Amino acid sequence: MYPGRAYPHVMKKYLRLLALAAFALCLFAGRLEASGLLSPKDLPPEARLDLAVLRAAYPDVVSGMAHGADGRLALVLADGERLVYDDGKVRTPEEAETNPDIRTMLAQVYPLGPADAASSRPAKDFDPGRRRVQAFFTALYGHSEAEVRRDCENVRFDGHGALFSKRHGAAAALSRVGERLAALRPAHPEWRKVLRPFGGTLSWRVIAGTQRLSMHSFGIALDLDPRLPYWRTERHPETIPARVQAFPAEIVAAFEAEGFIWGGKWAAFDLMHFEYRPELVLKAKALRGEIRLGE
Ligand SMILES: [Zn+2]
């Protein structure tokens, strides 16, 4: 081969590579377009953070966000189901509880850490975690009692067997809470007052006074002593801040460290109740700058 032919030959090779690269790029862009998923960097900051915490907590279920037909943002699940992220409605506190969108579900930031004078007196309707999109939890844990039960396992917790969902790390997290408490328990005989009798975990039921499924239905909530104060039945709500502050802080810390929230921090208080909500714990930590979430 003489030198005059070498140049076009090399050119041809590069052109072919270029064409291949362009073709691959088109395929990739086409796939993105087909899925409709938006790049996180194109989302408003609140939606970007909410998507990051949901993906970190439930990577197998949460795919991303996309625009719905109405142009509003929707959360896209791995099976293609779409849940409205932000429908733009202004809600009363009651509507936020009965019919939230995903944004409303995550908007109130759970106050991690020991209950102090301020956090034991939550503002009216400050119930971080009580606003729940039921379709999200059925997608996560099961659409029927039978489906939920199929994926539950018996976790040892303070000497009891506690049925908890194996999905999304819930049962493993509860098992670690149990280990944390078992290590501390010998030094705290007084904990018996809140730990016994054990209220239980899995129970397919609606929340009292509502049509909405309790988180106990999904095997991701646990009740300690059922005699602990509950907002619907408490006769002396003025005593609650002191009782919240007197509740063993190490028990709350053990649960929060494993992705659980405590109903003692709600205006609609429920001191026996702990619930596996890693997305809320992650969001609280991210907003405090304690963790950084990848996108
Ligand atoms: Zn409960």
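In this predicted model, strand β6 lines up with β8 (residues 273–276) in the antiparallel sense, and three bridges hold the pairing. You can find two of the facing residues by eye: D223 stands opposite H273 in β8, while A221 stands opposite E275 in β8.

On to the other partner of β8. Strand β7 is also joined to β8 by three bridges, again running antiparallel. Here F260 stands opposite Y276 in β8.

Put together, these strands make an open sheet of three, in the order β6-β8-β7, with antiparallel pairing. The edges are β6 (221–223) and β7 (260–262), each of which pairs on one side only. On average, neighbouring strands of this sheet are turned by 20° against each other, direction ignored.

Which way do the residues of β8 point, and are they buried or exposed? H273 and E275 point one way from β8, F274 and Y276 point the other way, and all of them are buried. In a regular strand, side chains alternate between the two faces of the sheet. For the burial of these residues, the cut-off is under 20% relative accessible area.

Now for the open spaces in the model. Rolling a probe the size of a water molecule over the atoms shows where empty space is left. The two largest pockets are set out below.

| Pocket | Volume | Lining residues | Nearest the centre | Lining by class |
|---|---|---|---|---|
| Largest | about 310 Å³ | 19 residues | R205, I207, S214, Y230 and D270 | nine nonpolar, three polar, seven charged |
| Second largest | about 250 Å³ | 15 residues | E97, D127, R130, W231 and A268 | seven nonpolar, two polar, six charged |

If you are browsing the structure, R205 and D270 are among the residues nearest the centre of the largest pocket. Its lining has seven charged residues alongside nine nonpolar ones. For the second largest pocket, E97, D127 and R130 are among the residues closest to the centre, and the lining holds six charged residues and seven nonpolar ones.

Stepping back to the whole chain, the protein has 11 helices and eight strands. How many of its residues count as buried? The figure is 45% of the 295 residues in the protein chain. Contacts also reach along the sequence: among those between residues at least 6 apart, 59% join residues at least 24 apart. The pairing of D223 in β6 with H273 in β8 is a handy place to start looking.

Terms used: Residues are numbered from 1 along each chain as its sequence is written. This is a predicted model: local features need pLDDT of at least 70, side-chain atom pairs count only at pLDDT 80 or more; totals for chains, interfaces and linings use all residues. Side-chain values use heavy atoms; hydrogens and water are left out. On a 1 Å grid over the protein atoms alone, a cavity is a set of points where a 1.4 Å probe fits but cannot get out, and a pocket is an open set with protein on both sides within 12 Å along at least five of seven lines; lining residues have an atom within 4 Å of a point. Grid points are joined across faces, edges and corners, and a volume is the space filled by probe spheres set on the points. Ala, Val, Leu, Ile, Met, Phe, Trp, Tyr, Cys and Pro count as nonpolar, Asp, Glu, Lys and Arg as charged, and the others, Gly among them, as polar. Two strands pair if DSSP finds at least two bridges between them. Helices (H or I, at least four residues) and strands (E, at least two) are DSSP runs, numbered from the N terminus. Axes are lines fitted to C-alpha atoms, for helices over the stretch in contact, and angles run from 0 to 180 degrees between N-to-C directions. Buried means under 20% relative accessible area, exposed over 50%, partly exposed in between (1.4 Å probe, protein chains only). Contact means heavy atoms within 4.5 Å.
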